[in-house]
Amino acid sequence: MLSDREEGKSLNMRAVIYARFSSENQRDASHDDQQRLCRSLIEQRGWNCHRTYTDRAMSGGSAFRPGYQQLLEDAASGSFDVLVAEALDRLTSDQADVAHH
C-alpha cells in the first residue's frame with residue numbers, strides 16, 4: 001500500500017508508451033491494441049500519458065528504429081518517469097539489451 005506521499009507522487013508520474021509490431025508477425029491492429037492496453041494501465045495507475053513512441057512494421061532485432069531511438073534519448077534526458085509497453089519483447093528481441101538501458 002502506498003503512503004499519502006507516495007500516492008501523490010504516482011499521480012504526477014509522466015508515463016510514456018512504446019508500441020511496435022513486426023511486419024512478418026503481426027498486423028496493424030496489434031499496434032493499436034498495444035497502445036489501448038498501455039493507456040488502460042496508465043489510467044488505472046492515475047499516471048499522465050506524456051507521449052507515445054511507435055515503430056510500425058519493424059523488427060525488434062535492431063535497435064536502429066526511429067521511435068525506439070527517440071525513446072532512449074528522452075529517457076536519458078529525464079523526459080518521463082515510467083515507460084509502459086505491452087511486453088519486453090516490444091522494446092527489443094534481445095532482453096540483454098533491455099537490461100543494459
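Me: How do S1 and S3 pair, parallel or antiparallel, and over how many bridges?
Reply: Strand S1, residues 14–21, runs parallel to S3, and the pairing covers four bridges. Keep in mind that this is a predicted model.

Me: Ok, which residue in S3 is opposite alanine 15?
Reply: That's valine 82.

Me: And what's the strand order in the whole sheet?
Reply: It goes S2-S1-S3, an open sheet of three strands with parallel pairing.

Me: Which strands stand at the edges?
Reply: S2 (48–56) and S3 (82–85). Each has a single partner strand, so one side of each has no neighbour in the sheet.

Me: How many degrees are neighbouring strands turned against each other?
Reply: On average 25 degrees, ignoring direction.

Me: What does helix H3 touch?
Reply: H3, residues 66–76, packs on the sheet and touches S1, S2 and S3. The direction of H3 makes about 145 degrees with that of S2.

Me: Switching topic: how many disulfides in the whole structure?
Reply: Zero, going by a search of the whole structure.

Me: Why no bond for cysteine 38?
Reply: Because the closest cysteine sulfur, in cysteine 49, is 8.8 Å from the sulfur of cysteine 38, which is too far. The cut-off for a disulfide is within 2.5 Å.

Me: Is cysteine 38 buried or exposed?
Reply: Cysteine 38 counts as buried, because its relative accessibility is 1%.

Me: What about cysteine 49, what's its relative accessible area?
Reply: Cysteine 49 has 34%, so that one is partly exposed.

Definitions and conventions
Residues are numbered from 1 along each chain as its sequence is written. This is a predicted model: local features need pLDDT of at least 70, side-chain atom pairs count only at pLDDT 80 or more; totals for chains, interfaces and linings use all residues. Side-chain values use heavy atoms; hydrogens and water are left out. Buried means under 20% relative accessible area, exposed over 50%, partly exposed in between (1.4 Å probe, protein chains only). Two strands pair if DSSP finds at least two bridges between them. Helices (H or I, at least four residues) and strands (E, at least two) are DSSP runs, numbered from the N terminus. Axes are lines fitted to C-alpha atoms, for helices over the stretch in contact, and angles run from 0 to 180 degrees between N-to-C directions. Contact means heavy atoms within 4.5 Å.
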